[in-house]
Amino acid sequence: MPHVEQDFSTPQSEALHRRSCQSLALGVSSGLRRNVGPVPMFFERGDGPYFFDVDGHKLLDYTLAWGPLILGNNHPAVTAAVIKQLARAYAFGAQHHGEVELAEILVRVLPGVERVVFSNTGTEAVQAALRLARAFTGRSKVIKFEGHYHGWLNNVLVSYRLKPNDPCATLPTCGGQPAAEFAETLVLPWNDLDAIAAAFQRHPHEIACVLTEPILVNGGSCMPCAGYLQGIVDLCRKHGAVSIFDEVITGFRIALGGAREFFGVTPDLSVYAKALAAGFTLSAVGGRAEIFRVLEDGRTIHAGTYNGNPINLAAAVATIRTLEEPGTFDRMRAHGLKLRQTIERVAVERGIPLVTTGVDSVFSVHFGLHAPPQTYRETLPADAVGYGRFRLAMLCAGVHLLPDGRWYIGAAHSDRELLFAQQAIEDTLTVGGK
Ligand SMILES: Cc1ncc(COP(=O)(O)O)c(C=O)c1O
């Protein structure tokens, strides 16, 4: 039974953060973790769906390390596979069985995927997909959309976080982004096929690819309008460009076959990371064999010292085999749906305006909105401060959430965790409303 602690004290985290700042810039390893309150928390252990911090709190975790921990921590099948591989070799920098095994699994479970390449992070794999698309088409321009995140490199880290009055244009997100590096990136509003068609008219034979998150999870878990994703694929085909779904979040999460399976739409390329290896560092690009011919005939290259690392691949094989067990995705979706329903019901009962958006294994909560947003801009009026208060209250009640309203559900979340989280929502939701 959760109860709301008045004082969620974090003296050890605070001390470690102060110490860390003396040697590690910012005291965090990824800039996006800097503002995760109440302080950047330090953790020492994870077990199933629980995190244990250095101040002795046991927290029910719905962050899943920003998505990857689809099986929670310490999953026996993944741990066993990794230990087995550790005993054989850490790295080869050369070919091994695991590559063939995982590539064959990906081709089997991802609809329409005929070839894959491996890299390490989502950021890298997005760049690999862009290069493939550019080499294949001989063109250089890339269309991306407002509020979509595709990693931290200059050509895609544009128009990611916007203010309401910002124009729809290619805007850098931070310092150190020279304009030349995003000069070939066109930014459009999402969920608007006419805008894409118009861009193809404005730039005939110049656009190499259209890059989209199939569900705009990074911009508030907005869903694509009916026909939108197929419309992108069709427009790309019509204009000789490559359609790319960035499935770093949706892959192996919304269905085993990601958005391809969930929406029944087959883009030319898809990018995978996060849930693919359940917390180990692995990413992949998959798609039509014809596009990958640009690697085979030497038109371009894809490289990386750590590509195909046997330990991470072993983790991925074990992850996918576990996810393939019957009922896994149904259970995750049912868990998420019940959480959403609880949040929405309690909010209605208490007169707190909010909506939840997304699919049930990854969804976002928007305080202060009355209708599901269809674009990132429509999420901007949401009450982020109110959500921050709710998140903090949930933390005090023992539930760990991401700061941006996103909830990740994993296979380790059972009915026990559901009851705990539902009670925490009942106990805390009052604090969120204005
Ligand atoms: C949709 C999407 N693409 C790409 C990335 C970048 O992945 P990584 O952080 O592994 O580099 C992320 C990270 O959150 C993401 O959400």
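A polar contact is a pair of N or O atoms within 3.5 Å. With that in hand, welcome to a set of close-up views of a predicted model.

**View 1. Polar side chains meet the oxygen atoms of the ligand**. Lys274 places a polar side-chain atom 3.0 Å from an oxygen atom of the ligand, and because the cut-off is 3.5 Å, this pair qualifies as a polar contact. Asn218 offers another such pair, with 2.9 Å between a polar atom of its side chain and a ligand oxygen. For Thr123, the distance from a polar side-chain atom to an oxygen atom of the ligand is 2.5 Å. How much of the ligand does the protein bury? On its own the ligand exposes 390 Å², and the protein buries 82% of that.

**View 2. The shell around the ligand**. Thr121, Gly122 and Thr123 are among the residues around the ligand, as are Tyr149, His150 and Gly151. The list goes on with Glu213, Asn218, Asp246, Val248, Ile249 and Lys274. By residue class, the shell divides into three nonpolar, six polar and three charged residues.

**View 3. Ser283 and its backbone partners**. Ser283 sits in strand S10, which covers residues 283-287. Is this residue buried or exposed? Ser283 is buried, with a relative accessible area of 0%. A polar atom of the Ser283 side chain lies 2.7 Å from the backbone oxygen of Thr121, and Thr121 is itself one of the residues around the ligand. The Ser283 side chain also has a polar atom 3.2 Å from the backbone nitrogen of Asn120.

**View 4. A salt-bridge network that includes Asp268 and Arg288**. Here Arg237, Asp268, Arg288 and Glu290 are linked by salt bridges. In the pair formed by Asp268 and Arg288, the closest N and O atoms are 2.9 Å apart. Asp268 belongs to the loop between helix H7 (258-263) and strand S9 (269-272), and Arg288 to the loop between S10 and helix H8 (289-296), so the pair ties together parts that are 20 residues apart in sequence. Asp268 is buried at 1% relative accessibility, whereas Arg288 is partly exposed at 24%. Over the whole structure, a search finds 16 salt bridges.

**View 5. Two more salt bridges, Arg406 with Asp404 and Glu417 with Arg416**. The closest N and O atoms of Arg406 and Asp404 are 2.7 Å apart. Arg406 is buried, with a relative accessible area of 3%, while Asp404 is partly exposed at 34%. In the salt bridge between Glu417 and Arg416, the corresponding distance is 3.8 Å. Glu417 counts as buried at 4% relative accessibility, and Arg416 counts as exposed at 56%.

**View 6. Positive phi at Leu26 and Ser159**. Most residues other than glycine have a negative phi. Which values do these two residues take? Leu26 has a phi near 75 degrees, and Ser159 has a phi near 50 degrees. Leu26 is found in the loop between H1 and S1 and is partly exposed, at 37% relative accessibility. Ser159 is found in the loop between strand S5 (141-145) and strand S6 (185-188) and is buried, at 2%.

**View 7. Pairs of residues separated in sequence**. Met41 occupies the loop between helix H1 (11-21) and strand S1 (43-47), and at 15% relative accessibility it counts as buried. Met41 and Leu16 are 25 residues apart along the chain, and their C-alpha atoms are separated by 8.9 Å. The other pair is Asp234 and Pro267, which are 33 residues apart in sequence and 9.0 Å apart from C-alpha to C-alpha. Asp234 is part of helix H6 (residues 228-238) and is partly exposed, with a relative accessible area of 44%.

**View 8. A nonpolar patch on the surface**. Which residues make this patch? Ile83, Leu86 and Tyr90 do, over about 340 Å². Ile83 is located in helix H2 (residues 76-88) and is exposed, with a relative accessible area of 52%.

Methods. Residues numbered from 1 in each chain as written. Predicted model: local features only at pLDDT ≥ 70, side-chain atom pairs only at ≥ 80, totals over all residues. Heavy atoms only, no water. Near = heavy atom within 4 Å. Polar contact = N/O pair within 3.5 Å; in protein donor to acceptor, adjacent residues only side chain to side chain. Areas by Shrake-Rupley, 256 points an atom, 1.4 Å probe, with all protein chains shown as cover. Nonpolar A, V, L, I, M, F, W, Y, C, P; charged D, E, K, R; others polar. Patch = residues over 30% accessible without salt bridge, like charges linked within 9 Å, V, L, I, M, F, W, Y side chains within 5 Å. Salt bridge = Lys/Arg side-chain N within 4 Å of Asp/Glu carboxyl O. Helix = DSSP H or I, 4+ residues; strand = E, 2+ residues; numbered from the N terminus. Buried < 20%, exposed > 50% of the residue type's maximum accessible area, 1.4 Å probe, protein only.
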